[in-house]
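Me: Please give a close account of one part of this model, namely how its helices pack together and which core they share.

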Amino acid sequence: MTTMSKPDPKTKQISIGKKKFNMDPKKGIEYLIEHSLLQDTADDVARFLFQGEGLNKTAIGDYLGERNEFNVEVLKAFVNLHEFSDMILVQALRQFLWSFRLPGEAQKIDRMMECFAERYCDMNQGVFTSTDTCYVLSFAIIMLNTSLHNPSVKDKPTAERFIQMNRGINDGGDLPEDLLISLYDNIKKEPFKIPEDDGNDLMHTFFNPVKEGWLWKQGGRYKNWKRRWFILNDNCLYYFQYTTDKEPKGIIPLENIQVREVPQDKANKPNCFELYSGGNDIIKACKVDGDGKVVEGRHTVYRMSASNTEEKEEWIRCIKMSINDNPFYDMLAARRKNATGTVSSRK
């Protein structure tokens, strides 16, 4: 008779910690530190995320994007684990964007891309005159990837337009055209590989969303509140039951829609805002019912509640920008101004 060996308690705890991390990154890291499976240092946490085995890359991106002091130190240590020496910029970006999923919030993206640009320039001195040039060009490459390979973008940019877009970003001077053409050809030939380890087939659609995060959503018929994961992208608001769901529970196109704050006494819940259409019209939206069938929504208003005032205001701002304009231009304007020495005329 053979005896079954008992599983190693440490291995089981690491597995539990990874599962907790994938559901709530902060709690997962806290669990691993409390059980002495991780040291409470930025370097050790960064190595754990960089190795990444069994970790949801969306969760890694969320954790790295947080703005508290410890997370910022982890982000720097994480980026410094990447080896970018003698790589052209697009190769370095491919490696970097494969190690986690870029979150949707502009401020998080800004911190991450700033760290990336600093690391790349440190390891490839003399390629660019400043980290701002590297930052702006990196974003131009990411946006080019979306424009060339997203089927919803009908007007595909040419190499000439890509060169024109990046005029003057090298401290007021132009980058060599052969460099820009090689970057363009590289992306046109092979799009970025986007991490799909969480089984989310929609990740291609939601690469680089405008904003994402948990909100409480009020039901239409019963007015009860349920926690849902929302993703704002391509002028639509998608919501899921879990971050790892393959399909959204509902889709709200932001056509003929407005957004406004809702006072707490009216919503009976703090930090509320709502989507509404003029004249009490039913909002053109769809959802998946209990039987898995896609049905039309019957809402004249979609009401959501954020975790705090700052999050509420950020959701309202991002939704307004998605209704009205491309949300990345404002974020890039300051960097482009630094890189060109002139105010960007593109709004």
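Reply: The account below moves from the overall makeup to two helix pairs, then to the cores and a few backbone details.

The model is predicted, so that local features require pLDDT of at least 70 and side-chain atom pairs count only at pLDDT 80 or more, while totals for chains, interfaces and linings use all residues. Residues are numbered from 1 along each chain as its sequence is written, and side-chain values use heavy atoms, with hydrogens and water left out.

The protein has 13 helices and nine strands; helices (H or I, at least four residues) and strands (E, at least two) are DSSP runs numbered from the N terminus. Of its 347 residues, 49% are buried, where buried means under 20% relative accessible area, exposed over 50%, and partly exposed in between (1.4 Å probe, protein chains only).

Two packed helices are described by the angle between their axes and the distance between the axes. Axes here are lines fitted to C-alpha atoms, for helices over the stretch in contact, and angles run from 0 to 180 degrees between N-to-C directions. Helix 5 (residues 69-80) packs on helix 7 (residues 106-123) at about 40°, the axes being 10 Å apart. The two are therefore oblique to each other: angles under 35 degrees count as roughly parallel, over 145 as roughly antiparallel, 65 to 115 as roughly perpendicular, and the rest as oblique. Helix 5 supplies Val72, Leu75, Lys76, Val79 and Asn80, which meet Arg111, Met112, Cys115, Phe116 and Arg119 of helix 7. By class, these residues are six nonpolar, one polar and three charged; Ala, Val, Leu, Ile, Met, Phe, Trp, Tyr, Cys and Pro count as nonpolar, Asp, Glu, Lys and Arg as charged, and the others, Gly among them, as polar.

Helix 7 also packs on helix 8, at an angle of about 120° and with axes 9 Å apart. This pair is therefore oblique as well. On the helix 7 side the contact (heavy atoms within 4.5 Å) includes Ile109, Met113, Phe116 and Tyr120, and on the helix 8 side Cys134, Tyr135, Phe139 and Ile142 are among the participants. Ten nonpolar, two polar and three charged residues form the contact of helix 7 with helix 8.

A nonpolar core is a set of buried Ala, Val, Leu, Ile, Met, Phe, Trp, Tyr and Cys residues joined through side-chain atoms within 4.5 Å. In the largest such core, of 61 residues, Leu49, Leu64, Met113, Leu137, Ile141 and Phe162 touch the most other members. Helix 8 (residues 131-149) contributes the largest share of this core, eleven residues. Beyond its neighbours within four places in sequence, phenylalanine 162 contacts Leu137, Ala140, Ile141, Leu144, Leu180, Leu183 and Tyr184. A second, separate core has 21 residues, including Leu232, Tyr302, Trp315 and Ile319.

Helix 3 (residues 42-51) has as its buried residues Ala42, Asp44, Val45, Ala46, Phe48 and Leu49. They pack against helix 1 (9-23), helix 2 (25-34), helix 4 (57-65) and helix 5. Glycine 52 follows helix 3 and has a positive phi, near 70°.

Most residues other than glycine have a negative phi. Serine 36, in the loop between helix 2 and helix 3, nevertheless has a positive phi near 60°. Aspartate 171, in the loop between helix 9 (159-165) and helix 10 (177-189), has a positive phi of about 55°.
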